[in-house]
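Q: Please take a close look at the salt bridges in this structure. Describe the setting of the partners in the fold, and say what surrounds them.

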Amino acid sequence: MKELQERIVQDGKVLSASVLKVDAFLNHQVDPQLTMRIGERFAQLFADENITKVLTIEASGIHFALATSFALGVPFVYAKKKKAVTQTEEVYAAPVYSFTRQETYQISVSKQYLSPHDRVLIVDDFLATGAALIGLTQIIKDANAHLVGIGAVIEKSFQEGRGLLEQAGVRVESLARIQSMSPEGIQFVQQETVRV
């Protein structure tokens with residue numbers, strides 16, 4: 001998605017060879033028009049999959065899941081990182097390690113919101129190591145639902161996430177695939193280096 005790549009170059013900040021800060025427009029302050037176009041693009045990519053639910057993990061994936069589910073006309077569900085006192089029903093759960101927060105937490109989804117009849121699209125802001133997305137795929141498997149694929153807004157293609165998911169037979173669609181990055185520039189997969 002060319003518009004997304006341009007925004008990454010314009011407003012993103014490369015903090016290291018593995019850390020990209022996009023909080024000016026994607027995951028702290030949010031550009032709602034861009035977010036809705038991202039949702040429309042995921043809906044186009046997976047239009048033939050008869051999706052019944054979109055699944056993400058709190059918090060940075062929520063607005064992309066909302067935009068995608070709106071474009072598809074289906075509900076979205078987000079996995080919670082901490083069990084709320086109001087969450088009294090049984091849950092599907094999986095452990096996830098967060099590189100950003102340097103901690104492992106248990107994600108959960110109420111069993112009443114995923115069923116064997118669901119065809120689920122996972123949407124998230126980043127695909128890097130794949131830990132969060134693998135946790136979500138486990139929850140879908142535990143629910144005996146069908147995973148149609150994963151939509152990642154930004155993929156760090158130099159990390160192992162895509163490989164792990166594809167080895168498991170999961171379809172992965174990323175809107176901006178970064179081959180490498182440094183404070184001097186970002187190299188997108190199948191594109192020239194764009195200087196910052």
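A: Two residues are in contact here when heavy atoms of one lie within 4.5 Å of heavy atoms of the other. The model is predicted, and every value below is computed from it. Among contacts between residues at least 6 apart in sequence, 58% join residues at least 24 apart.

The overall frame comes before the charged pairs. The protein has five helices and 11 strands. Its radius of gyration is 16 Å, close to the 16 Å that the globule rule gives for 196 residues, so the protein is as compact as a globular protein of that length. Along the principal axes, the C-alpha atoms fill a box of roughly 50 × 35 × 35 Å. Of the 196 residues, 47% count as buried. The exposed surface is about 9900 Å², with carbon and sulfur atoms supplying 49% of it.

Now the salt bridges. A side-chain nitrogen of Lys or Arg must lie within 4 Å of a carboxyl oxygen of Asp or Glu, and by this rule the count comes to 13.

One of them pairs Lys 53 with Asp 118, with 3.3 Å from N to O. Lys 53 belongs to strand S3, while Asp 118 sits in the loop between strand S6 (103-110) and strand S7 (119-127), so this pair ties together parts that are 65 residues apart in sequence. Are the two partners buried or exposed? Lys 53 has a relative accessible area of 14% and is therefore buried. Asp 118, at 8%, is buried as well. The cut-off behind both statements is 20%.

Strand S3, which carries Lys 53, covers residues 53-57 and runs parallel to strand S4, to which four bridges join it. Val 54 of S3 has Phe 76 as its bridge partner in S4. Between the two strands the chain passes through helix H3 (residues 62-72), and this β-α-β crossover is right-handed. In a regular strand the side chains alternate between the two faces of the sheet. Strand S4 (residues 76-79) has a covered face with Val 77 and Ala 79, and an uncovered face with Phe 76 and Tyr 78.

The loops on either side of S3 hold backbone exceptions. Most residues other than glycine have a negative phi, and most peptide bonds are trans. Asn 50, which is not a glycine, has a positive phi of about 50°. Asn 50 lies in the loop between helix H2 (32-45) and S3, and is exposed because its relative accessible area is 59%. In the loop between S3 and H3 lies Ala 59; the peptide bond from Glu 58 to Ala 59 is cis, with omega near 5°.

Another salt bridge joins the side chains of Glu 155 and Arg 177 at 3.4 Å, N to O. Glu 155 is in strand S8 (residues 146-156) and Arg 177 in strand S9 (residues 172-182), so the pair links distant parts of the chain, 22 residues apart. The burial of the partners is as follows: Glu 155 counts as buried at 0% relative accessibility, whereas Arg 177, at 27%, is partly exposed. Beyond single pairs, Glu 49, Arg 119, Arg 171 and Glu 173 are joined into one network by salt bridges that share partners.

The loop between helix H4 (131-142) and S8 contains Asn 144. This residue also has a positive phi, about 60°, although it is not a glycine. Asn 144 is exposed because its relative accessible area is 57%.

Next to Glu 155 in the numbering are Ile 154 and Lys 156, and both are in contact with Phe 126. Phe 126 is found in strand S7 and counts as buried at 19% relative accessibility. Its C-alpha atom is 4.9 Å from that of Ile 154, 28 residues away along the chain. Further contacts of Phe 126, leaving aside neighbours within four places in sequence, include Leu 20, Val 22, Asn 27 and Leu 133.

A last pair is Asp 23 with Lys 21, whose closest N and O atoms are 3.9 Å apart. Asp 23 is partly exposed at 26% relative accessibility, and Lys 21 is partly exposed at 37%.

Notes: Residues are numbered from 1 along each chain as its sequence is written. This is a predicted model: local features need pLDDT of at least 70, side-chain atom pairs count only at pLDDT 80 or more; totals for chains, interfaces and linings use all residues. Side-chain values use heavy atoms; hydrogens and water are left out. Buried means under 20% relative accessible area, exposed over 50%, partly exposed in between (1.4 Å probe, protein chains only). Two strands pair if DSSP finds at least two bridges between them. A crossover is right-handed if, with the strands pointing away from the viewer, the path from the first strand over the helix to the second runs clockwise. The radius of gyration is taken over C-alpha atoms; the globule rule is 2.2 Å times the number of residues to the power 0.38. Accessible areas come from the Shrake-Rupley method with a 1.4 Å probe; for residues, only the protein chains shown count as cover.
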